[in-house]
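Welcome! Here are a few exercises for getting to know a new structure, each with a worked solution. Have a look at the model first, then try each task before reading on.

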Amino acid sequence: MGFVLCPECKAEAPEHTAACPKCGMPFKATPVVKKPIIGLVVAAILGAIGLWWALSSFMAGAIDPALCAIMPALAPCTMLNASVNSLGNSILLIGVVLTAFGHQNGPRVIRITCILMLVATILLGGWLFSLVWMYSLVSGSLNAMEPQFRAGFVAGIIGSSTGGIFVWGVIAIFFRKSRTW
Ligand SMILES: [Zn+2]
């Protein structure tokens, strides 16, 4: 247990006491710094999964070459998405480590990352949707796909976009500004 100095009589008093035991001077309540354990665990797990997913997109080449042939703009869009997600999840994990070690700015790093990643996910998702929309209207390539494959493709796009928004939103709620730790 630590000690604090009484501002009035300079006597030592145990930490977290309401008043000085010597002169009775009331101490200001020191805010108890509690770590957002659940939020940290959730952010660490989601960040690790997100980073793994983004990095494996690079390694796997992200999308089928046959798909790239009919929708060429899909490749840079997916690569940018994987890059942004690698970066965002890495910074998120750094924020988690900072917060776990009690660094004051840790929660702020996490919060700002979540907000930026929410915006990025919405923009990239919008780009992806409009690409697919354009390709299906202009070249009919979406209709040329086998129905099963098309369903999986569309579900994948919708799933990854809404999943990303959900994940960053959940972490942002855990680390929202109004929460006092
Ligand atoms: Zn005192």
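**Exercise 1. Find how far apart the C-alpha centres of domain 1 and domain 2 lie.**

Solution. Keep in mind that this is a predicted model.
- Step 1: start with the domain assignment, which gives domain 1 as 1-30 and domain 2 as 37-174.
- Step 2: go from one C-alpha centre to the other; domain 1 and domain 2 are 51 Å apart by this reckoning.

**Exercise 2. Describe the secondary structure of the chain, then decide: is the chain spread out or compact?**

Solution.
- Step 1: count the elements. The chain has two strands and six helices.
- Step 2: put them in sequence order, which gives β-β-α-α-α-α-α-α.
- Step 3: compare the radius of gyration with the globule rule. The chain has a radius of 25 Å, while the rule gives 16 Å for 181 residues; the value is well over the rule, so the chain is more spread out than a compact globule.
- Step 4: look at the box around the C-alpha atoms. Along the principal axes, this box is roughly 85 × 25 × 20 Å.

**Exercise 3. Work out how α1 and α3 are arranged, and which residues make their contact.**

Solution.
- Step 1: locate the helices. Helix α1 covers residues 37-59, and helix α3 covers residues 74-100.
- Step 2: take the geometry. The axes of α1 and α3 are 8 Å apart, at an angle of about 150 degrees.
- Step 3: apply the cut-off. Angles over 145 degrees count as roughly antiparallel, so α1 is roughly antiparallel to α3.
- Step 4: note the handedness, since α1 passes α3 in a left-handed crossing.
- Step 5: list contact residues. On α1 they include L40, A43, A44 and G47, and on α3 they include T78, A82, N85 and S86.
- Step 6: sort by class. The contact of α1 with α3 has 13 nonpolar and nine polar residues, with no charged ones.

**Exercise 4. Do the same for α1 and α6.**

Solution.
- Step 1: helix α6 spans residues 147-174, and its axis lies 10 Å from that of α1, at an angle of about 155 degrees.
- Step 2: this angle makes α1 roughly antiparallel to α6.
- Step 3: the crossing of α1 past α6 is left-handed.
- Step 4: G39, V42, A43, L46 and G50 of α1 meet V167, V170, I171 and F174 of α6.
- Step 5: seven of these residues are nonpolar, two are polar and none is charged.

**Exercise 5. Finish with α4 and α6: what is the angle between them?**

Solution.
- Step 1: helix α4 (residues 106-138) packs against α6 at about 165 degrees, and the axes are 9 Å apart.
- Step 2: α4 and α6 are therefore roughly antiparallel.
- Step 3: α4 passes α6 in a left-handed crossing.
- Step 4: among the contact residues are I110, R111 and C114 of α4, and I157, S161 and G164 of α6.
- Step 5: by class, the contact of α4 with α6 has 14 nonpolar, five polar and one charged residue.

Definitions and conventions
Residues are numbered from 1 along each chain as its sequence is written. This is a predicted model: local features need pLDDT of at least 70, side-chain atom pairs count only at pLDDT 80 or more; totals for chains, interfaces and linings use all residues. Domain bounds come from an automatic or database domain assignment. Axes are lines fitted to C-alpha atoms, for helices over the stretch in contact, and angles run from 0 to 180 degrees between N-to-C directions. Helices (H or I, at least four residues) and strands (E, at least two) are DSSP runs, numbered from the N terminus. Angles under 35 degrees count as roughly parallel, over 145 as roughly antiparallel, 65 to 115 as roughly perpendicular and the rest as oblique. A crossing is left-handed if the near helix is turned anticlockwise from the far one by less than a right angle, and right-handed if clockwise. Two residues are in contact if their C-beta atoms, placed from the backbone, lie within 7 Å. Ala, Val, Leu, Ile, Met, Phe, Trp, Tyr, Cys and Pro count as nonpolar, Asp, Glu, Lys and Arg as charged, and the others, Gly among them, as polar. The radius of gyration is taken over C-alpha atoms; the globule rule is 2.2 Å times the number of residues to the power 0.38.
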